[in-house]
Amino acid sequence: MSSIKKLTTPLLMAATILAGMLSPMQSAVNGKLGEFLQDGNASAVISFGSGLILMFVVILSRSSTRKQFLSIPTLIKNRTIPLWNWFAGLCGAMVVFSEGASASALGVATFQTALICALLISGLLCDRFGVGVDEKKYFSPARILGAVFAAIATVLVVSPQWHTPSFLALAVLPFLAGLLAGWQPAGNLKVSEATGSMLVSITWNFIVGFTVLTVALIIRIWAGHVSFFLPHDWYMYLGGPLGLLSIALMALLVRGLGLLMLGVASTAGQLLGSLIIDIPLGNHIYFVTLLGTVFALIGAIITTLPERKKTLINCSEGK
């Protein structure tokens with residue numbers, strides 16, 4: 001049995017790395033869409049809209065998920081869970097907006113590294129203050145070192161363009177999005193527990209993000225600040241489905257790997273995929289971008305070491 005597990009774990013890790021590559025693919029698609037539309041807000045509306053349509057098809061096709069979805073107004077009214085959990089989709093909206101507004105200009109590798117580093121820092125802070133976790137996880141040397149590596153990685157990937165204020169301003173977008181998105185899973189988990197379905201939770205996530213982004217776009221169109229039109233190229237509508245596919249695959253793979261190994265492997269996939277995608281897109285890859293990518297991966301690995309050790313001890317004790 002143990003030999004089978006040893007055999008399957010590398011295969012699951014490889015599958016997770018490949019699944020992690022979907023995130024930079026989504027960033028590339030949304031970045032091209034934002035470049036085509038010349039508006040990150042409009043790009044995010046299309047991306048969220050395509051994902052939302054797909055999720056509606058999924059949940060409305062089953063009576064159980066339809067019933068769970070229709071229970072949401074009652075759950076909100078009864079304050080079944082803290083109200084802020086229902087607005088976790090705003091974090092996803094910020095990520096998708098930043099993709100449309102900055103991914104093409106920054107390059108996928110720079111965008112993903114800034115996003116991942118902020119996610120890592122945000123995750124550490126959420127753990128420390130008990131946001132979305134049952135038990136607070138206080139700062140340790142490994143966790144602090146991981147955050148330092150993340151900060152260094154962010155500085156490295158933007159350092160070639162220090163002299164370009166517009167580049168630095170764009171780089172702030174994925175970093176801020178990552179800081180917000182760090183606590184998004186906590187809200188989604190609570191909604192999932194309240195409704196009894198992760199599919200319903202994901203759908204609600206898309207509804208919140210799509211609604212806010214669409215209202216903002218309508219106001220801007222009404223004010224004459226932007227004109228909205230749909231792209232003709234079919235691949236520009238794949239941002240939402242790619243995000244959903246990534247979420248679904250991670251949900252399946254976590255059962256075989258656990259959160260720690262999943263997180264490290266998916267981070268590796270995101271960073272590797274970013275570099276691979278930047279080449280055909282013609283984005284220039286600096287050496288410090290490669291170095292920053294390595295630092296980001298090392299930081300992700302370091303932060304898992306204390307928990308990995310604890311997990312191994314519990315397994316050896318039969319817990």
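This is a short talk on the helices, cores and side-chain pairs of one protein model.

Hi everyone, thanks for having me. One thing before we start: the model is predicted, so please hear everything that follows in that light.

Let's begin with the overall picture. The protein has 14 helices and 0 strands, so there is no sheet to discuss by definition of that count. Of the 319 residues, 47% are buried. And if you take contacts between residues at least 6 apart in sequence, 82% of them join residues at least 24 apart.

Now let me walk you to helix α3, residues 40-60. How far does α3 reach from its first C-alpha to its last? The answer is 30 Å for 21 residues, close to the 30 Å expected at 1.5 Å a residue. This helix is mostly covered, with 15 of its 21 residues buried.

At the N-terminal end of α3 sits D39, which acts as a cap: one of its side-chain oxygens is 3.1 Å from the backbone nitrogen of N41. D39 has a second role to look at, in a salt bridge with R220, where the closest N and O atoms are 2.6 Å apart. D39 belongs to the loop between α2 and α3, while R220 belongs to helix α11, residues 198-222, so this pair ties together parts that are 181 residues apart in sequence. Is D39 buried or exposed? It is buried, because its relative accessible area is 8%, and the cut-off for buried is under 20%. R220 comes out at 26%, so it counts as partly exposed.

How many salt bridges does a search of the whole structure find? It finds 2, and the other partners I want to show you are E35 and K32, with their closest N and O atoms 3.4 Å apart. Here the two residues share helix α2, residues 22-37, and sit 3 residues apart, about one turn of the helix. E35 is partly exposed at 41% relative accessibility, and K32 is partly exposed too, at 29%. As a reminder of the background, side chains of opposite charge can pair when their charged atoms come close.

On to the nonpolar side of things. In soluble globular proteins, nonpolar side chains tend to be buried together. In this model the largest nonpolar core has 29 residues, and those with the most contacts inside it are F48, F69, I72, W86, W204, F206 and L213. Which helices each supply at least two residues of this core? They are α2, α3, α5, α6 and α11. There is also a second, separate core of 11 residues, and V95, A103, L106 and L173 are among them.

Let's stay with α11 for a moment, since T203 is found there. T203 counts as buried because its relative accessibility is 0%. Leaving out residues up to four places away in sequence, T203 touches L52, M55, F56, I59 and F69.

Two of those names, F56 and F69, bring us to the rings. The whole structure has 5 aromatic pairs. F56 and F69 form one that is edge-to-face, 6.0 Å centre to centre with 90 degrees between the planes. F56 is in helix α3 and F69 in helix α4, residues 63-70, so the pair ties together parts 13 residues apart in sequence. F56 is partly exposed, with a relative accessible area of 25%, whereas F69 counts as buried at 17%.

The next pair is W86 with W204, again edge-to-face, at 5.9 Å centre to centre and 90 degrees between the planes. W86 lies in the loop between α5 and α6 and W204 in helix α11, so this pair ties together parts that are 118 residues apart in sequence. W86 is buried, with a relative accessible area of 2%, and W204 is buried as well, at 18%. Setting aside neighbours within four places in sequence, W204 is in contact with I72, I76 and W86.

My last stop is D278, in helix α13, residues 259-281. D278 is buried, with a relative accessible area of 2%. How many residues along the chain lie between D278 and G107 in terms of separation? They are 171 residues apart, yet their C-alpha atoms are separated by 6.4 Å.

That's my tour, and I'm happy to rotate the view for anyone. Thanks!

How values were computed: Residues are numbered from 1 along each chain as its sequence is written. This is a predicted model: local features need pLDDT of at least 70, side-chain atom pairs count only at pLDDT 80 or more; totals for chains, interfaces and linings use all residues. Side-chain values use heavy atoms; hydrogens and water are left out. Helices (H or I, at least four residues) and strands (E, at least two) are DSSP runs, numbered from the N terminus. The expected span of a helix is 1.5 Å times one less than its number of residues. Buried means under 20% relative accessible area, exposed over 50%, partly exposed in between (1.4 Å probe, protein chains only). A polar contact is a pair of N or O atoms within 3.5 Å; within protein, one must be able to donate a hydrogen and the other to accept it, and residues adjacent in sequence count only if both atoms are side-chain atoms. A salt bridge is a side-chain nitrogen of Lys or Arg within 4 Å of a carboxyl oxygen of Asp or Glu. A nonpolar core is a set of buried Ala, Val, Leu, Ile, Met, Phe, Trp, Tyr and Cys residues joined through side-chain atoms within 4.5 Å. Contact means heavy atoms within 4.5 Å. Rings of Phe, Tyr and Trp (its six-membered ring) pair if their centres lie within 6.5 Å; planes under 30 degrees apart count as stacked, over 60 as edge-to-face and the rest as tilted.
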